[in-house]
Amino acid sequence: MNFVKENNELIENPLNQMNERLEKVLTKIIADHNSHAKWINLLSYLEFIGSRKIFKTQKNGFISEELLKHASDEARHALILKQMIGKITENENFQYYDSKYMINAYSGFRYIQNLDSMVKKQLLKISAFKEDFSYMCYVYVSYVIEVRANWLYAIYSGLLSKTGSNVNVSAIISDEVRHLDDMTCEIGKLDPNSESNIVYFLNKEGLLFERFLCNLEKSLN
Ligand SMILES: [Fe+2]
Ligand SMILES: [Fe+2]
């Protein structure tokens, strides 16, 4: 999708605008072991928050096998990334999610929190999915995060191969592709207005991610 609609005007998809910027930032990060370890610890932290959030969105009686699988995949990604740090540095301070040992931890945390609130607010505003409200919040938040994760991990993985890095994220990517397929399928099944809702959420998420990227760029200058 090269263009998306906002107020009936076609604007360039924010995902396309940010490719070069993310590549530039990640190239700098990968070149420095300490920054790279901090970046991986941030990714691990975000995966961990994602897993925790999935559990929190549903009441106990509504936690299905699919939901358990999704949340445990995200927790496993957090672990894979945490273990990857040991291949980059022997510094033991990276064993916890201490903000001193992550790049822009607060900005990453705000990105997810704001995304969550934005989806809830919009679904409340359009008064959709009264009975399935919390499930659809989970589905839409997951969908936009999975779109972003697929894009981000693909760029990151390309740079890791290009620089001959001793870490790789291919195991995570194959899960994220499956998660995105699952969420796309759920949206198609449950939301008759999926097209306009997807456009709205992707545009808003693009703005939130751009803020995070901007902070990342500033912190490396
Ligand atoms: Fe993940
Ligand atoms: Fe995922």
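I am counting as donors the N, O and S atoms within 2.8 Å of the metal, and water is not among the atoms, so sites may look incomplete. I also note that this is a predicted model.

**Entry 1: the two irons**

I started with the metals. The iron ion (ligand 1) and the iron ion (ligand 2) sit 3.6 Å apart, with Glu 74 coordinating both. Glu 74 is thus my way into either site.

**Entry 2: iron, ligand 1**

Which residues coordinate the iron ion (ligand 1)? I found Glu 47 (OE), listed twice, along with Glu 74 (OE), His 77 (ND1) and Glu 176 (OE), at 2.0 to 2.5 Å. Read along the chain, the donors of this ion give the spacing E-x26-E-x2-H-x98-E. I then looked at the short step in that pattern: Glu 74 and His 77 are 3 residues apart in helix H4, so about one helical turn separates them.

**Entry 3: iron, ligand 2**

Next came the iron ion (ligand 2). Its donors are Glu 74 (OE), Glu 146 (OE) twice, Glu 176 (OE) and His 179 (ND1), at 2.0 to 2.6 Å. The spacing for ligand 2 reads E-x71-E-x29-E-x2-H. Glu 74 belongs to helix H4 (residues 65–85) and Glu 146 to helix H6 (residues 133–162), so this pair ties together parts 72 residues apart in sequence.

**Entry 4: buried or exposed?**

I checked three of the coordinating residues against the cut-off for buried, which is under 20% relative accessible area. Glu 74 comes out at 6%, so I call it buried. Glu 146 is buried too, at 3%. His 77 has 0% relative accessibility and therefore also counts as buried.

**Entry 5: the largest pocket**

I moved on to the pockets. The largest one has a volume of about 240 Å³. How many residues line it? I get 13, and Glu 66, Leu 67, Tyr 138, Asp 182 and Met 183 are the ones nearest its centre. H4, H6 and helix H7 (170–190) are the elements that each give two or more residues to this lining. Sorted by class, the lining holds 6 charged, 4 nonpolar and 3 polar residues.

**Entry 6: the second largest pocket**

The second largest pocket has a volume of about 190 Å³. I noted its lining as Gln 58, Lys 59, Phe 62 and Ser 64, together with Glu 131, Asp 132, Phe 133, Ser 134 and Tyr 135. By class, I have 3 nonpolar, 3 polar and 3 charged residues here.

Definitions and conventions: Residues are numbered from 1 along each chain as its sequence is written. Chains are lettered from A and ligands numbered from 1 in the order in which they are written. This is a predicted model: local features need pLDDT of at least 70, side-chain atom pairs count only at pLDDT 80 or more; totals for chains, interfaces and linings use all residues. Side-chain values use heavy atoms; hydrogens and water are left out. Donors are N, O and S atoms within 2.8 Å of the metal (3.2 Å for Na, K and Ca); water is not among the atoms, so sites may look incomplete. Helices (H or I, at least four residues) and strands (E, at least two) are DSSP runs, numbered from the N terminus. Buried means under 20% relative accessible area, exposed over 50%, partly exposed in between (1.4 Å probe, protein chains only). On a 1 Å grid over the protein atoms alone, a cavity is a set of points where a 1.4 Å probe fits but cannot get out, and a pocket is an open set with protein on both sides within 12 Å along at least five of seven lines; lining residues have an atom within 4 Å of a point. Grid points are joined across faces, edges and corners, and a volume is the space filled by probe spheres set on the points. Ala, Val, Leu, Ile, Met, Phe, Trp, Tyr, Cys and Pro count as nonpolar, Asp, Glu, Lys and Arg as charged, and the others, Gly among them, as polar.
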